[in-house]
Amino acid sequence: MATLSRKEAQDLIEAYLESRDESIFADAIADLKTHDDEGNFAIMLGSGNEASPFIKALYLFKKAGLINQAESTAYIRRT
């Protein structure tokens with residue numbers, strides 16, 4: 001698993017908020033997700049509640065300690 005810094009995570013989020021291009025999260029999601037995360041994402045997809053790449057990235061960044069809940073909420077409010 002590649003290591004992502006807090007600054008890199010924040011830069012990815014800011015780039016998304018400017019471009020709305022969720023593909024920028026692909027590498028970060030692939031690097032940070034675990035088998036448990038894959039299972040959770042699959043369950044959400046199967047139930048018709050698939051999370052967007054932006055939401056998946058925020059979840060994984062928070063789980064990795066790169067952002068906190070208040071920051072995650074603030075980023076969501078900016079969308």
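Start by selecting helix H4, residues 53–63, in this predicted model. Its buried residues pack against H1, H2, helix H3 (35–46) and helix H5 (69–77). To see which side chains these are, show Phe-54, Lys-56, Ala-57, Leu-58, Leu-60 and Phe-61, the buried residues of H4. Just past the helix, click on Gly-65, which follows H4 and has a positive phi, near 80°.

**First stop: Phe-54 and its partner**

Keep Phe-54 on screen and add Tyr-16. The two rings form a stacked aromatic pair, with 4.6 Å from centre to centre and 25° between the planes. Now colour by helix: Tyr-16 belongs to helix H1 (residues 6–19) and Phe-54 to helix H4, so you are looking at a link between distant parts of the chain, 38 residues apart. Are these two rings buried or exposed? Tyr-16 has a relative accessible area of 8% and is therefore buried; Phe-54 is buried too, with a value of 4%.

**Second stop: Phe-61 and Phe-25**

Next, move along H4 to Phe-61 and bring up Phe-25. Here the geometry is edge-to-face: the centres are 6.4 Å apart and the planes are at 65°. Phe-25 lies in the loop between H1 and helix H2 (26–32), while Phe-61 is in helix H4, so this pair ties together parts that are 36 residues apart in sequence. Phe-25 and Phe-61 are both buried.

Now show both pairs at once. Tyr-16, Phe-25, Phe-54 and Phe-61 make up one aromatic cluster. For the whole model, the count of aromatic pairs comes to 5.

**Third stop: a charge over Tyr-16**

Stay with Tyr-16 and select Arg-20. The charged end of Arg-20 sits over the Tyr-16 ring, 5.7 Å from its centre.

**Last stop: Lys-56**

Return to H4 and pick Lys-56, which lies in this helix. Why is a lysine on the list of buried residues? Its relative accessibility is 15%, and because the cut-off for buried is under 20%, Lys-56 counts as buried. Then look for the ring beneath it: Lys-56 lies over the face of Phe-41, at 5.0 Å from the ring centre. To finish the view, show what surrounds this lysine. Leaving aside residues up to four places away in sequence, Lys-56 touches Ile-29, Phe-41, Glu-50 and Ala-51.

Terms used
Residues are numbered from 1 along each chain as its sequence is written. This is a predicted model: local features need pLDDT of at least 70, side-chain atom pairs count only at pLDDT 80 or more; totals for chains, interfaces and linings use all residues. Side-chain values use heavy atoms; hydrogens and water are left out. Rings of Phe, Tyr and Trp (its six-membered ring) pair if their centres lie within 6.5 Å; planes under 30 degrees apart count as stacked, over 60 as edge-to-face and the rest as tilted. Helices (H or I, at least four residues) and strands (E, at least two) are DSSP runs, numbered from the N terminus. Buried means under 20% relative accessible area, exposed over 50%, partly exposed in between (1.4 Å probe, protein chains only). A charge sits over a ring if NZ of Lys or CZ of Arg is within 6 Å of the ring centre and within 35 degrees of the ring normal. Contact means heavy atoms within 4.5 Å.
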